[in-house]
Amino acid sequence: MSNKHLSTLKTLVVVAGAALVVRRAIRGRSPASPPGATTAARAPVSGRSGARGPKLLVTAHERLADGVVGIRLEGHDLPRWEPGAHVDLVLPSGLVRQYSLCGDPEDTSSYTVATRLVEDGRGGSREVHEQVQEGTELEVRGPRNRFPLVEAPAYVFVAGGIGITPILPMLRALPEGTEWRLLYGGRTRASMPFLEDVEKLDADRVTVVAEDEDGLPDLDAFLADLPEGAAVYCCGPEGLMAAVEERLPEGTAPHLERFAPRTTATGDGEFEVELHRSGRTLTVAADSSVLAAVRTELPNTPYSCEQGWCGTCQQRVLEGEIDHRDELLTDSERGDSMLICVSRARSTRLVLDL
Ligand code: FES
């Protein structure tokens with residue numbers, strides 16, 4: 001990494017932060033509300049995400065911390081976004097991956113994302129680290145927001161490692177005088193992106209826990225005495241989010257940004273899926289998913305994360321009892337639609353509006 005390049009991206013991020021301080025970007029949403037919550041259940045959450053997006057040019061690809069690169073993508077008249085939003089990047093291999101936006105929501109000429117290399121991952125992060133470079137063009141879909149900043153009298157944030165990326169724009173968007181605190185944990189300080197940026201916002205409100213120096217974060221202490229009505233946000237490893245959930249008082253639902261599956265798409269037995277419009281009936285094997293079965297008949301069926309959190313594969317269900325295995329859909333959406341990448345059937349047959 002050249003110092004010049006690193007300073008370019010950091011300058012962009014700092015400028016974005018300064019601009020955001022004067023803006024309000026708060027929307028009222030419940031913790032359970034994904035971006036499609038206000039959309040009729042008949043319209044897949046994926047309606048927009050399945051669409052093609054513009055190709056943007058990578059103009060910076062720089063190391064931000066150990067194992068973390070930041071990418072700036074430039075274009076024209078890009079949609080504005082709100083803190084917590086993410087974009088889908090279509091990688092050169094065709095893989096589609098979601099990344100939280102961490103620059104300036106009002107910047108219509110570029111998007112900034114950061115990604116950690118997952119050594120034993122499914123290949124997306126390695127491709128971003130090793131194949132994508134300055135000059136690469138990537139299709140960008142979105143932005144979409146299923147982790148919006150709700151209005152609240154106070155905020156408590158918990159970020160683990162790369163989980164700081166959706167939270168950083170939130171911190172910058174908080175109106176002056178807002179009561180907030182952040183616990184930011186990571187393996188080492190060197191592995192924690194945007195550490196300086198976060199500490200510069202208000203060091204007194206930020207608790208940094210580097211495990212090699214401090215051990216594990218004391219969540220009990222950090223989450224004790226929550227301000228009345230505080231909104232609690234957490235993004236990071238599954239274990240961290242589960243630990244936060246466990247420690248909150250009854251009736252307090254945290255806002256979680258989940259980048260890993262909590263459940264599997266496979267089940268105990270097979271069942272049938274009827275495609276209503278074509279009249280075809282497919283068998284979903286115990287070790288396969290509805291999405292996989294549907295794509296054998298309809299290969300253009302949209303999907304993206306295959307983990308139940310992006311909403312791209314949402315489909316309307318006309319008959320049958322759904323075994324919902326996602327945490328994205330609202331209760332009303334669950335009535336007659338499902339995410340076919342992870343959810344299955346409680347009945348022996350489902351009829352999809354496909
Ligand atoms: S493909 Fe992302 S929720 Fe199914």
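**Exercise 1.** Determine which strands helix α8 lies across, and how α8 runs relative to β10.

*Solution.* Start with the naming: helices (H or I, at least four residues) and strands (E, at least two) are DSSP runs, numbered from the N terminus. Helix α8 covers residues 238–247 and lies across β7, β10 and β11. Next take the direction: α8 runs at about 160° to β10. Such angles run from 0 to 180 degrees between N-to-C directions, with axes as lines fitted to C-alpha atoms, for helices over the stretch in contact. Contact here means that the C-beta atoms of two residues, placed from the backbone, lie within 7 Å.

This is a predicted model, in which local features need pLDDT of at least 70, side-chain atom pairs count only at pLDDT 80 or more, and totals for chains, interfaces and linings use all residues. Residues are numbered from 1 along each chain as its sequence is written.

**Exercise 2.** Work out the strand order of the open sheet that contains β7 and β10, and name its edge strands.

*Solution.* Two strands pair if DSSP finds at least two bridges between them. The order is β9-β8-β7-β10-β11, with parallel pairing. The edge strands, each pairing on one side only, are β9 (206–210) and β11 (255–257). Neighbouring strands are turned by 10° against each other on average, direction ignored. Now look at one pair: β7 (residues 154–160) and β10 (residues 231–235) are joined by 5 bridges. Within β10, Tyr-233 stands opposite Phe-157. A further helix, α5 (residues 195–202), lies across β8 (179–186) and β9, at about 150° to β9.

**Exercise 3.** Phe-194 and Asp-225 have positive phi values without being glycine. Locate each residue and decide whether it is buried or exposed.

*Solution.* A residue is buried if 20 or more other C-beta atoms lie within 10 Å of its own, exposed if 12 or fewer, and partly exposed in between, with C-beta atoms placed from the backbone. Phe-194, with phi near 60°, sits in the loop between β8 and α5. Phe-194 has 25 C-beta neighbours inside 10 Å, so it counts as buried. Asp-225, with phi of about 50°, sits in the loop between α7 (219–222) and β10. Asp-225 has 7 other C-beta atoms within 10 Å and is therefore exposed.

**Exercise 4.** Find the strand that holds Pro-143, and describe the peptide bond between Gly-142 and Pro-143.

*Solution.* Pro-143 belongs to strand β6 (residues 137–144). The bond joining Gly-142 and Pro-143 is cis, with omega about 5°.
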